[in-house]
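The exercises below each pose a task and then work through a solution step by step. Please keep the sequence and the model in view while reading them.

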Amino acid sequence: MMQQPSDEFALLEFRLTSAKAIPPNHTFKAVGDHPALGCWNPINAVHMEHDADDPHTWRSTALVSVPAHVTIAYKYLLFHNDALVRWEHFEQNRILRGDDGNRSTAIDVFDQPPPPEADEPDNAE
């Protein structure tokens, strides 16, 4: 049965492609600043698997539940046989915000930095 988000929580899904070929026995995980994403600890990162319809795409194996309207910082990790190979090769973090009652999907390319946020507010609240 598919999980349904509530007004207080949002469900996040992570999808990732790679511009380069990924060798056999390698996979990706998503890690971030929220406990549901492992609090930046690769051991607790969200597992990803090949998309059955597209072998160049990986998807999170489960939806990640976070409080609504919380901004999540995250990155992807490359693993080989469950051993960490490396983090993405850019400094800034990716950002995803869960909207209440909705499912949000991050669609990213491994090692490709996210574009600058065009709609960032000029003044902090």
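The pLDDT is the predictor's confidence in each residue, on a scale from 0 to 100, and it is needed here because this is a predicted model.

**Exercise 1. Determine where the confidence of the chain is lowest and highest among the elements named, and examine the stretches below 50.**

Step 1. The chain averages a pLDDT of 84, and 86% of the residues score at least 70.

Step 2. Confidence is lowest in strand E4 (residues 54–60), with a mean of 88, and highest in strand E7 (residues 83–87), with 96.

Step 3. Over residues 1–6 the pLDDT is below 50, although this stretch has eleven contacts in the model beyond near neighbours in sequence. Over residues 118–125 the pLDDT is likewise below 50, and that stretch has zero such contacts.

**Exercise 2. Establish which residues have the most contacts inside the largest nonpolar core, and which strands supply it.**

Step 1. The largest nonpolar core has 19 residues, and those with the most contacts inside it are Phe 14, Leu 37, Met 48 and Tyr 76.

Step 2. At least two residues of this core come from each of strands E1 (9–17), E2 (26–32), E3 (46–51), E5 (64–67) and E6 (71–80).

Step 3. Leaving aside neighbours within four places in sequence, the contacts of Met 48 include Phe 14 and Tyr 76, and among the others are Phe 28, Ala 30 and Trp 58.

**Exercise 3. Explain why E2 can be called largely enclosed, and identify its pairing partners.**

Step 1. Buried means under 20% relative accessible area. Six of the seven residues of E2 are buried, so the strand is largely enclosed by the rest of the structure.

Step 2. E2 pairs with E6 in the antiparallel sense over seven bridges, and His 26 stands opposite His 80 in E6.

Step 3. E2 also pairs in the antiparallel sense with E3, over two bridges, where Lys 29 stands opposite His 47.

**Exercise 4. Work out how E8 is joined to E6, and which of its residues form the covered face.**

Step 1. E6 and E8 run antiparallel and are joined by four bridges, with Ile 72 standing opposite Leu 96 in E8.

Step 2. In strand E8 (residues 94–97), Arg 94 and Leu 96 form the covered face, whereas Ile 95 and Arg 97 form the uncovered one.

**Exercise 5. Decide whether Ile 107 is buried or exposed, and locate it relative to Thr 57.**

Step 1. Ile 107 is found in strand E9 (residues 103–109).

Step 2. Exposed means over 50% relative accessible area; Ile 107 has 62%, so this residue is exposed.

Step 3. Ile 107 and Thr 57 are 50 residues apart in sequence, yet their C-alpha atoms are 9.7 Å apart in space.

Note on methods
Residues numbered from 1 in each chain as written. Predicted model: local features only at pLDDT ≥ 70, side-chain atom pairs only at ≥ 80, totals over all residues. Heavy atoms only, no water. Core = buried A, V, L, I, M, F, W, Y, C linked by side-chain atoms within 4.5 Å. Buried < 20%, exposed > 50% of the residue type's maximum accessible area, 1.4 Å probe, protein only. Contact = heavy atoms within 4.5 Å. Pairing = 2+ DSSP bridges.
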